[in-house]
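Trainee: I have a new model open and would like to learn how to read it. Where do we start?

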Amino acid sequence: MPHDHDAGRLSRRRLIGGTLAASTTALGAAAFASAAPAVAGSSAGFRWCNRCQGMWFRSSGDSGHCPVHHWWDHSHYEEGSGTYWFTDGTPQPGQDRFGMLALKWCLTCKAAYFSGGRGVCPNNENGHTPSARTFRIETDLQPPLSNFPKQGGWCRCRRCRALFYLPHLGRSHCPAATGPTPWHDGAYVRTGSGWRYENHLPRLK
Ligand SMILES: [Zn+2]
Ligand SMILES: [Zn+2]
Ligand SMILES: [Zn+2]
């Protein structure tokens, strides 16, 4: 079971069957040289937060509400992040439709999260407040995958619904967590030989 493993000891093979595309320490975009084309119906406003390890939407006027915070600072951070981009549910003719149409961002905390429920928001007892737009996220749950540069290893939290970077699980912070470990609770899928975490692959510019 996932709970039995310290995040620092999780191997790449265990995580996602060898498809992890990125180093566990380098989240910058330097290794991804080719630029993705700008297309209508997409947004490149998503960033990784090095405090909570979640994906968040930074292009909506403020830096939201990070589940890791001090009383004077509840911002998500974007230092060290690559530029992540997603297409939305209104593809132009000829635009790709890879992945699941499932990702929203919260108008309150700015976390990117999986629709289908409101999850748990660090700043709203009623859960996340859904954005109008829904974005596609490429995932091994719904192949095939595009040829755009991507970063594997992202996972869905079963409790708060956030999209977070699984190799940093032990440094993650879930607004729904209780007890001594504040980590997200990664969603996993059962396979013939056991289980593995879901692997979502946001696109990197
Ligand atoms: Zn954060
Ligand atoms: Zn929220
Ligand atoms: Zn969570």
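Mentor: Start with burial. This is a predicted model, and 40% of the 205 residues of the protein count as buried.

Trainee: How many helices and strands are there in the protein?

Mentor: One helix and eleven strands. Along the sequence the pattern is α-β-β-β-β-β-β-β-β-β-β-β.

Trainee: What share of contacts between residues at least 6 apart in sequence join residues at least 24 apart?

Mentor: In this protein, 67%.

Trainee: Now the sheets. What is the order of the four strands in their open sheet?

Mentor: The order is 2-1-3-11, and the pairing is antiparallel. Look at the edges next. Strand 2 and strand 11 (203-204) each have a single partner strand, so one side of each lacks a neighbour in the sheet.

Trainee: How do strand 1 and strand 2 pair?

Mentor: In the antiparallel sense, over three bridges. Use one bridge to fix the register: Phe46 has Phe57 in strand 2 as its bridge partner.

Trainee: And the open sheet of three strands: what is its order?

Mentor: Read 5-4-6, again with antiparallel pairing. Strand 5 (112-114) and strand 6 (135-137) are at the edges; each has a single partner strand, so one side of each is left without a neighbour in the sheet. From one strand to the next, the twist averages 55 degrees.

Trainee: How many bridges join strand 4 to strand 5?

Mentor: Three, between antiparallel strands; strand 4 covers residues 100-105. One to find on screen is Trp105, whose bridge partner in strand 5 is Ala112.

Trainee: Is Trp105 buried or exposed?

Mentor: Count its neighbours. The cut-off for buried is 20 or more other C-beta atoms within 10 Å. Trp105 has 29 C-beta neighbours inside 10 Å, so it counts as buried.

Trainee: Which residues does Trp105 touch?

Mentor: Skip residues up to four places away in sequence. That leaves Phe57, Lys110, Ala111, Ala112 and Ser131. Also compare Trp105 with Met55: they are 50 residues apart in sequence, yet their C-alpha atoms are 9.1 Å apart in space.

Trainee: How should I read a nonpolar core?

Mentor: In soluble globular proteins, nonpolar side chains tend to be buried together. Here the largest nonpolar core has 38 residues. Leu103, Ala111, Ala112, Ala162, Leu163 and Phe164 touch the most other members. Elements giving two or more residues to this core include strand 1 (42-48), strand 3 (84-87), strand 7 (154-156) and strand 8 (163-165).

Trainee: What does Ala111 touch?

Mentor: Again leave out residues up to four places away in sequence. Ala111 touches Gly54, Trp56, Gly64, Trp105, Cys106, His128 and Ala162.

Trainee: Now a contrast. Where is Glu79 found?

Mentor: In the loop between strand 2 and strand 3.

Trainee: Why does Glu79 count as exposed?

Mentor: The cut-off for exposed is 12 or fewer neighbours. Glu79 counts as exposed because it has 10 C-beta neighbours inside 10 Å. Glu79 and Cys49 are 30 residues apart in sequence, but 7.6 Å apart in space, C-alpha to C-alpha.

Trainee: Last feature: what joins strand 9 to strand 10?

Mentor: A hairpin, through two residues. Strand 9 (residues 188-191) and strand 10 (residues 194-197) run antiparallel, joined by four bridges. Val189 stands opposite Arg196 in strand 10.

Terms used
Residues are numbered from 1 along each chain as its sequence is written. Chains are lettered from A and ligands numbered from 1 in the order in which they are written. This is a predicted model: local features need pLDDT of at least 70, side-chain atom pairs count only at pLDDT 80 or more; totals for chains, interfaces and linings use all residues. Two strands pair if DSSP finds at least two bridges between them. Axes are lines fitted to C-alpha atoms, for helices over the stretch in contact, and angles run from 0 to 180 degrees between N-to-C directions. A nonpolar core is a set of buried Ala, Val, Leu, Ile, Met, Phe, Trp, Tyr and Cys residues joined through C-beta atoms within 7 Å. Two residues are in contact if their C-beta atoms, placed from the backbone, lie within 7 Å.
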